[in-house]
Amino acid sequence: MKKLDMLVTGVGGQGVILTSDIIAQAAIAAGYDTKKTDTIGMSQRGGSVISHVRIGSKVHSPLIKQGEVDILLAFEKLEAARWGHYLRSRGIAIVNNLALPPLSVSLGEEQYLSDDEMLNILKQQADRIYLVNGSQRAKELGNIRTLNMFMLGCASPFIPFKISIWQDEISQHLPDKVRQINLSAFERGRKEIRNANI
Amino acid sequence: MIKLLSGNEALALGAYHAGVKVAAAYPGTPSTEILESLADYDDVYAEWSTNEQAAMEVALGAAYAGVRAMVSLKQVGLNVASDAFMAAATTGVSAGMVVVCADDPGIHSSQNEQDSRHYVKLAKVPMLEPADSQEAYEFMAYAFDISEKFDTPVLVRTTTRISHSKSVVKVDRTRAVPASQAVFQHNVAKYVMLPAYARLRHQLVEERLVKLADFSETFPSNHILRGEHRLGVVTSGVSYQYAIDALPQASFLKLGMTYPLPQNLLRQFAAQVDKLVVIEELDPFLQENIQAMGIKVSGKEFIPRAGELNPDIIEQASRSAGWLPKAPAREKIGITTELAKRPPLLCPGCPHSGIFFVLSSIGQRSKLSGSKGKPSKESKLIITGDIGCYTLGAYPPLLALDTTACMGASIGLALGMEKAGVSSKVVAVIGDSTFMHAGITGLVNAVYNSGRITLIILDNGTTAMTGHQDHPGTGISAQGKETTKVELESLVRGIGVSNVRVVDAFNLKALRASVRSSLDSTELSVIIVRGSCSMLVPKRSGPRVIDNEKCNQCDVCLLIGCPAIQSDSERITIDTALCVGDICTICQQLCPRQAISRQSETGAEELA
């Protein structure tokens, strides 16, 4: 692998930052240079969150250029659309099929985009778009907070790291109590995306 | 050992390995994690100071007493600490003293976008600018050494992008602390800045700067990377990383020490290249200093002064400047839909929501849906705000703040408006941590000068916005030790305020009554609105639900701005996963049709 540029995005509280931390740590374990950077704004919860993760033999800028993202991993649909223009042509978008309408939408000031609008934005660059039911799967597993590891599982087949590296990093980043369920969520995501005929 | 560290973690580890003994800070994005990381070490004394000036003085005292000390702060924190910083620059130190200042280009979480590099010119102290976590780690050791060698505080300047990016660090040292005990060497001419002694010190400061300029020529992280001679780029910090991605063919002079500048090295580099340019974020600090040497250089003619840089901006600027050949513009992604914004919000169960709702309604400011974002011009209230999560109360639907300037300004601004003779009542709103930081002096001033303002202290028992740090009002130190708790009510009464009320942040009726009574009062009054930050409440129970039979969609509950309350054209619902339940109930107290109630246990089961 020459380089891999990845955006992980979602809404504050969905576990975006832990996910990008794990990806960067896994990159080191796989012998790569890496940088990651988050933009979280000023809120504790509920704002847009975006993580840039860059992997390669030598990484300079922590920020990815527009049009160079290989994989866009989005935990929410509006956030997927917001960063669609960062995808490179023939990039991959993996989107959790979840709409979290911002307050402005509830107040009737703005509109939440339709699925078609989102897909149209992503299609302009991506040639593979996966809309996955991550929140549903996480609920089925018994803990909605495993969404991020499910989504990471979905992205993992596109990142050439050994499965043991992922498992080690997930284990190291999560406390005992929720380790197993998160490993299961990862496994489930990995399987689900494989069945989606990649 | 290889580690993935944020810039802030690397700065802390670098300082630890360089033998820092005393570290002080006030939380401020993007610098907060530096002290948090240092607080984990038992063999470092780490404190949350009341404010940055106190932090600077504590570090300076420790450095006078012969132990390595540091301060970490954000750009506006350096403003607060500037008096002490200038003093440190004048007296010098005994053991090393390092000031880490984290600027916030792009204003991710600040009230301004200042370029703090100007401070080193004012103070005549050296500055280092790391370009990644590896340099952040290494530069702390250099900084302490330079501080001791040249008898000066050293500024290590980072930015949000350096402080909050994680990159690979080779950790090749362990902690080295000199065995000597802390000793203060009495030296009146050095430490007592009477005019006669200060004049002598000024001479030494000027001599020091000349020596530092010589040292800068040999500083190992000021180095030339030879590429094509057509273009030479002088750069530092994160701008270096963007520039080398955007201009991989160019020659670079990458500066790690950016004040004083290495004049000979710059001339040597300028002579090697056809065209010399500076790529730097915010102000033309390097550019102007290089131009002052009589070297021809450009940069800010093409690179924006405002906002955070990124590789796209550098590439675009390089093309319009002719540093890169023109390229066919990439097709822009057509976005036909205007995407809904997702600004930061007060959290569900935030103890600030209730009081802001009350202020907004008493001031006749809040508006129902469809109205765009500005408070009514005829509002009966002027509400001066301050710095913290509660600054978000300015957004719709609350529209409950008219000003946010700097730490503590709410009180002074309110008094100033009152003394100017405005006809509206003036209310100042400030958080507990901010009040401790910079509000006390303003309140003393308002009491002394017979102000009649209403001061509302939002006491959520933490410094929430920066990630829940303790402060004097919590009675817990940065290293988790129990200490003396400074009680807000006794503090306020001690200042001389007799009209002091403490009100439950989640009791709308009591909040409304106390605000009304304060506004009617002819004396200065203080309302302490007390309620824990909802993120610190471990157990949640009894989420609220809306009975859609009773609800007539009057939308009043939406005016709280609670993210758990969601509405579409059909109905209003509460997201029970977000609702904090029993501790809040603001929406339930507000609903005119009693359509909101505690979710029944059976209902909960049904939903599950």
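**Exercise 1. Which residue just after α5(B) takes a positive phi?**

Solution. The model is predicted.
- Start with helix α5 of chain B, which covers residues 82-91.
- Look just after α5(B): B:Gly92 takes a positive phi of about 75°.
- Now go back into the helix. B:Ala84, B:Phe85, B:Ala88, B:Ala89 and B:Thr91 are buried there.

**Exercise 2. Find the place of A:Ser20, and decide whether A:Ser20 is buried or exposed**.

Solution.
- Find the element. A:Ser20 sits in helix α1 of chain A, residues 16-29.
- Take the relative accessible area of A:Ser20, which is 0%.
- Apply the cut-off: buried means under 20%.
- Conclude. A:Ser20 has 0%, so A:Ser20 is buried.

**Exercise 3. Describe the surroundings of A:Ser20**.

Solution.
- Begin with the side chain. One of its polar atoms lies 3.1 Å from the backbone oxygen of A:Ile17.
- Next, leave out residues up to four places away in sequence. A:Ser20 then touches A:Val8, A:Lys36, A:Asp38, A:Ser51 and A:Val53.

**Exercise 4. Trace the order of helices and strands in chain A**.

Solution.
- Take the totals: chain A has eight helices and six strands.
- Read along the sequence. The pattern is β-α-β-β-β-α-β-α-α-β-α-α-α-α.

**Exercise 5. Test chain A against the radius of gyration of a compact globule**.

Solution.
- Note the length, 198 residues.
- Take the expected value: a compact globule of that length would have a radius of gyration near 16 Å.
- Compare. Chain A has 16 Å, so the two agree.
- Add the extent. The C-alpha atoms of chain A fill a box of roughly 50 × 40 × 35 Å along the principal axes.
- Add the burial. In chain A, 57% of the residues are buried.

**Exercise 6. Carry out the test for chain B**.

Solution.
- Take the secondary structure of chain B: 21 helices and 22 strands.
- Take the radius of gyration, 27 Å. The globule rule gives 25 Å for 608 residues.
- Compare. The values are close, so chain B is as compact as a globular protein of that length.
- Add the extent. The C-alpha atoms of chain B fill a box of roughly 80 × 65 × 50 Å along the principal axes.
- Look at the contacts of chain B with a separation of 6 or more. Residues 24 or more positions apart account for 74% of them.

**Exercise 7. How far apart are the mean positions of the positive and negative charges in chain B?**

Solution.
- Count the charges: 57 positive and 62 negative in chain B.
- Take the distance. Their mean positions are 4 Å apart.
- Turn to chain A. Its 24 positive and 20 negative charges have mean positions 5 Å apart.

Note on methods:
Residues numbered from 1 in each chain as written. Chains lettered and ligands numbered in written order. Predicted model: local features only at pLDDT ≥ 70, side-chain atom pairs only at ≥ 80, totals over all residues. Heavy atoms only, no water. Helix = DSSP H or I, 4+ residues; strand = E, 2+ residues; numbered from the N terminus. Rg over C-alpha atoms; globule rule 2.2 N^0.38 Å. Contact = heavy atoms within 4.5 Å. Lys, Arg positive; Asp, Glu negative; His and termini not counted. Charge placed at Lys NZ, Arg CZ, Asp CG, Glu CD. Buried < 20%, exposed > 50% of the residue type's maximum accessible area, 1.4 Å probe, protein only. Polar contact = N/O pair within 3.5 Å; in protein donor to acceptor, adjacent residues only side chain to side chain.
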